[in-house]
Amino acid sequence: MAFEPPRRLVRALGETAPDGDEWLAALPEAARRAVALRGLTVERVQVPGGRGSLVVLAHTADGTPAVLKLAPPRARPESERAALAHWDGRGAVRLLEERADEGVLLLERLHPDVSVRSLPEARALLEAAGTLRRLWVEPPAGHPFETVTGRTGRQAAAMRAGAGAVPAVAPLVDAALAVREELLAAQPEERLLHGTFRQSKVLAGDRVPWLAVGPDPVVGEPAFDLARLVRDRVEDLIAQPSGASTVRRRIKRLAESLEVDRERLRGWTLFRAVESGVRAARVGRPRDAELLLEFAGWL
């Protein structure tokens, strides 16, 4: 079988990964080796798939439905493996093998075309938040995961550079950087977080209704993880005349239901929206940048 990477993956790696071409060139052979090593029967490559990995739908030798995932080093697949092993299927997709094969994960098969985004908005937020709550556990001793302080420190440096290139966003960047400093000065109890959680990261399963996939794990306070969920369906929010008030209600509802501080959630939502908006502008996605920065202005 030809393991041709979906165009969405090729485009995303071209935007953000200087080594993307090299990894993509080696990907078909790496996929063939991974399939042969595990004795898998391949159905198809998942399309459109994700922006950071190749996802192959397959069956194991005993007929178990599975997903083979191949990701470049920049996607931190070994960190994902460690988080999934720690969660052990509680709230997240389950690993089907313990072997450490660099950049390759064999996972429980969910229903890849059915995410909570398919539900009405209110129920989607409820189901997504319930899934996220199960993931917030104590990290293992001596854990290998990046911290919120470290990750946002790297992002802050890129934001400063981006603000210099686009002076119009400088006030929002200044506000986001200031709120980050305030939030990091007094951090609540730390938990293992999904890191890139949103509605599309919650897929329908068989052993439980909904499970999270695709973590980029990080250790820090839960409000950081929840912040990305606040802006889900941002296109719809921006299109609403009452979008700003809808966002404020969403922050209140999510903060109360998951018992996080509302102001800390608002602050991390601001930081993460500005960071994403500046990054979108930097890689040539002006429409995404416009939506995200308008959303951030409401906060």
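Two strands pair if DSSP finds at least two bridges between them. In this predicted model, the tour starts with a pair of strands that meets that rule.

**Stop 1: the sheet of three strands**

Select residues 218-220, which are strand 10, together with strand 6. The two strands run parallel and are joined by 2 bridges. One residue to pick out in strand 6 (146-147) is Thr-147, whose bridge partner in strand 10 is Val-219.

Now add strand 7 (191-193). The open sheet then has its 3 strands, in the order 6-10-7, with mixed pairing. Strand 6 and strand 7 each have a single partner strand, so each has one side without a neighbour in the sheet. Next show helix 7 (222-230). Helix 7 lies across strand 7 and strand 10, and its direction is at about 25 degrees to that of strand 7.

**Stop 2: helix 10 and the core around it**

Select residues 262-282, helix 10. What is the span of helix 10 from its first C-alpha to its last? The distance is 30 Å for 21 residues, close to the 30 Å expected at 1.5 Å a residue. Of those 21 residues, 15 are buried, so helix 10 is largely enclosed by the rest of the structure.

Look at both ends of the helix. At its start, a side-chain oxygen of Asp-261 comes to within 3.0 Å of the backbone nitrogen of Glu-263. After the helix comes Gly-284, with a positive phi near 90 degrees.

Helix 10 gives 7 residues to the largest nonpolar core, the most from any element. This core has 71 residues. To find where contacts inside the core are most numerous, select Val-173, Leu-226, Leu-265, Trp-268, Val-274 and Phe-295. In soluble globular proteins, nonpolar side chains tend to be buried together.

Centre the view on Trp-268. Which residues does Trp-268 touch, leaving aside its neighbours within four places in sequence? They are Val-148, Thr-152, Arg-180, Leu-183, Leu-184, Glu-221, Ala-223, Phe-224 and Ala-227.

**Stop 3: helix 11**

Move on to residues 286-297, helix 11. Its 12 residues should span 16 Å at 1.5 Å a residue, and its end C-alpha atoms are 16 Å apart, which agrees. Its buried residues include Ala-289, Leu-291, Leu-292, Leu-293, Phe-295 and Ala-296. Among the elements that cover the buried residues of helix 11 are helix 6 (170-185), helix 7, helix 8 (234-239), helix 9 (243-258) and helix 10.

Before leaving this part, select Glu-259, in the loop between helix 9 and helix 10. Its phi is positive, about 55 degrees, although Glu-259 is not a glycine. Most residues other than glycine have a negative phi. Is Glu-259 buried or exposed? Its relative accessible area is 67%, over the 50% cut-off, so Glu-259 is exposed.

**Stop 4: the sheet of four strands**

Select strands 1, 2, 3 and 4. They form an open sheet in the order 1-2-3-4, with antiparallel pairing. Strand 1 and strand 4 (104-108) are the edge strands, each pairing on one side only. From one strand to the next, the twist averages 30 degrees.

Work across the sheet pair by pair:

- Strand 1 (residues 41-45) and strand 2 are joined by 4 bridges, and Val-42 stands opposite Ala-58 in strand 2.
- Strand 2 and strand 3 (residues 65-70) are joined by 6 bridges, and Leu-54 stands opposite Leu-70 in strand 3.
- Strand 3 and strand 4 are joined by 5 bridges, and Leu-70 stands opposite Val-104 in strand 4.

Helix 3 (residues 77-87) packs on this sheet and touches strand 3 and strand 4, its direction making about 35 degrees with that of strand 4.

Return to strand 2 (residues 54-59), where 5 of the 6 residues are buried. With strand 3 it forms a hairpin that has 5 residues between the strands, and Gly-63 in the turn has a positive phi of about 90 degrees.

**Stop 5: two loops beside the sheet**

Select Pro-48, in the loop between strand 1 and strand 2. The peptide bond from Val-47 to Pro-48 is cis, with omega near 10 degrees. Most peptide bonds are trans.

Last, select Arg-76, in the loop between strand 3 and helix 3. Its phi is positive, near 55 degrees. Arg-76 counts as partly exposed because its relative accessibility is 29%.

Notes: Residues numbered from 1 in each chain as written. Predicted model: local features only at pLDDT ≥ 70, side-chain atom pairs only at ≥ 80, totals over all residues. Heavy atoms only, no water. Core = buried A, V, L, I, M, F, W, Y, C linked by side-chain atoms within 4.5 Å. Buried < 20%, exposed > 50% of the residue type's maximum accessible area, 1.4 Å probe, protein only. Contact = heavy atoms within 4.5 Å. Expected span 1.5 Å × (residues − 1). Polar contact = N/O pair within 3.5 Å; in protein donor to acceptor, adjacent residues only side chain to side chain. Axes fitted to C-alpha atoms, helices over the stretch in contact; angles between N-to-C directions.
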